[in-house]
Amino acid sequence: MLQDLPTSTLRETSSCVLETERLALRKPTLADVKSIANLAKDRRVAENTRRLPHPYRLDDATRFIKALAETGNETVFLIELDFRPIGVVGIDWRDQDAPELGYWLGVDYWGQGFATEAARAVIDFTFDEFEDVDQLISGARVANPASRNVLEKCGFQWSGVELHRFEALGGSTPVDCFRLSRGVWSSLKSWSNSKKRLV
């Protein structure tokens, strides 16, 4: 799949802006540290996201932004509504046979369709830009039906339950696992009119 893809190429993919009906998705920068920390500091966000610590501080946001630039393991977009950050969405490339979609929103933006809209834009981007990607995976805590609904609206199909460690919980919890094949995505692609703009 992506074995031969140089790390620099993965990083460069985040230098575009994805635009949807209501949102703009762009590469996060150090200028976004305060906004990210303010959104992620709510325990309800951290408890539904595997790698977010709680409490989430400015230093955590700074490390997150710097790590994105250094490792190249993720393609990450800051989600903006009217030029205001509301969350993060991206693809984790550590398992190149099964890149993983992840996302989170600040609590004030839950339940308004923003996660689905942002996820669809990143799914489209990934399948359009990386022809060798045959599938994406994702997951949602069993106790988080809203996130499960986002994945189902994006065409993901349930593939089982696994235990995953959540940093904020300090332990493992059951997660519904999902897969989205390129074929299913192709049949659903008419769901949005997101656009990619190079910056």
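A salt bridge is counted here where a side-chain nitrogen of Lys or Arg lies within 4 Å of a carboxyl oxygen of Asp or Glu, and the structure, which is a predicted model, holds 13 salt bridges.

**View 1. The salt bridge between Glu 117 and Arg 22.** The closest N and O atoms of Glu 117 and Arg 22 are 2.7 Å apart. Because Glu 117 belongs to helix 5 while Arg 22 sits in the loop between strand 1 (16-19) and strand 2 (23-26), the pair ties together parts that are 95 residues apart in sequence. With a relative accessible area of 15%, Glu 117 is buried, whereas Arg 22, at 34% relative accessibility, counts as partly exposed.

**View 2. The salt bridge between Asp 176 and Arg 148.** In this pair the closest N and O atoms are 3.0 Å apart. Distant parts of the chain are linked by the pair, since Asp 176 is found in strand 8 (residues 171-181) and Arg 148 in helix 6 (residues 145-153), with their positions 28 residues apart in sequence. Asp 176 is buried, its relative accessible area being 7%, and Arg 148 is partly exposed, with a value of 26%.

**View 3. The salt bridge between Arg 44 and Asp 42, and a network of salt bridges elsewhere in the sequence numbering.** The closest N and O atoms of Arg 44 and Asp 42 are 2.8 Å apart. Arg 44 is partly exposed, with a relative accessible area of 44%, and Asp 42 likewise counts as partly exposed, at 23% relative accessibility. In the network, salt bridges link Arg 51, Glu 74, Asp 92 and Arg 94.

**View 4. The largest nonpolar core and the surroundings of Leu 101.** In soluble globular proteins, nonpolar side chains tend to be buried together. The largest nonpolar core of this model has 53 residues, and those with the most contacts inside it are Leu 25, Val 89, Leu 101, Ile 123 and Phe 156. Helix 5 (residues 114-129) contributes the largest share of this core, namely nine residues. When neighbours within four places in sequence are left aside, Leu 101 is in contact with Val 89, Gly 90, Ile 91, Ala 119, Val 122, Ile 123, Ile 137, Ser 138, Leu 151 and Phe 156.

**View 5. A nonpolar patch on the surface.** Val 142, Trp 158 and Val 161 make this patch, which covers about 300 Å². Val 161 is found in strand 7 (residues 157-166) and is partly exposed, with a relative accessible area of 48%.

**View 6. Two buried cysteines, Cys 154 and Cys 177.** Cys 154 counts as buried because its relative accessibility is 0%, under the 20% limit, and Cys 177 is buried as well, with a relative accessible area of 10%. A disulfide is a covalent bond between the sulfur atoms of two cysteines; the structure holds zero disulfides.

**View 7. The protein chain as a whole, for orientation among the close-ups.** The secondary structure of the protein chain comes to seven helices and nine strands, and 48% of its 199 residues count as buried. Among the contacts in the protein chain with a separation of 6 or more, 66% are accounted for by residues 24 or more positions apart. The accessible surface of the protein chain comes to about 10100 Å², and carbon and sulfur atoms account for 48% of that surface.

Terms used:
Residues numbered from 1 in each chain as written. Predicted model: local features only at pLDDT ≥ 70, side-chain atom pairs only at ≥ 80, totals over all residues. Heavy atoms only, no water. Disulfide = S-S within 2.5 Å. Buried < 20%, exposed > 50% of the residue type's maximum accessible area, 1.4 Å probe, protein only. Patch = residues over 30% accessible without salt bridge, like charges linked within 9 Å, V, L, I, M, F, W, Y side chains within 5 Å. Areas by Shrake-Rupley, 256 points an atom, 1.4 Å probe, with all protein chains shown as cover. Helix = DSSP H or I, 4+ residues; strand = E, 2+ residues; numbered from the N terminus. Contact = heavy atoms within 4.5 Å. Core = buried A, V, L, I, M, F, W, Y, C linked by side-chain atoms within 4.5 Å.
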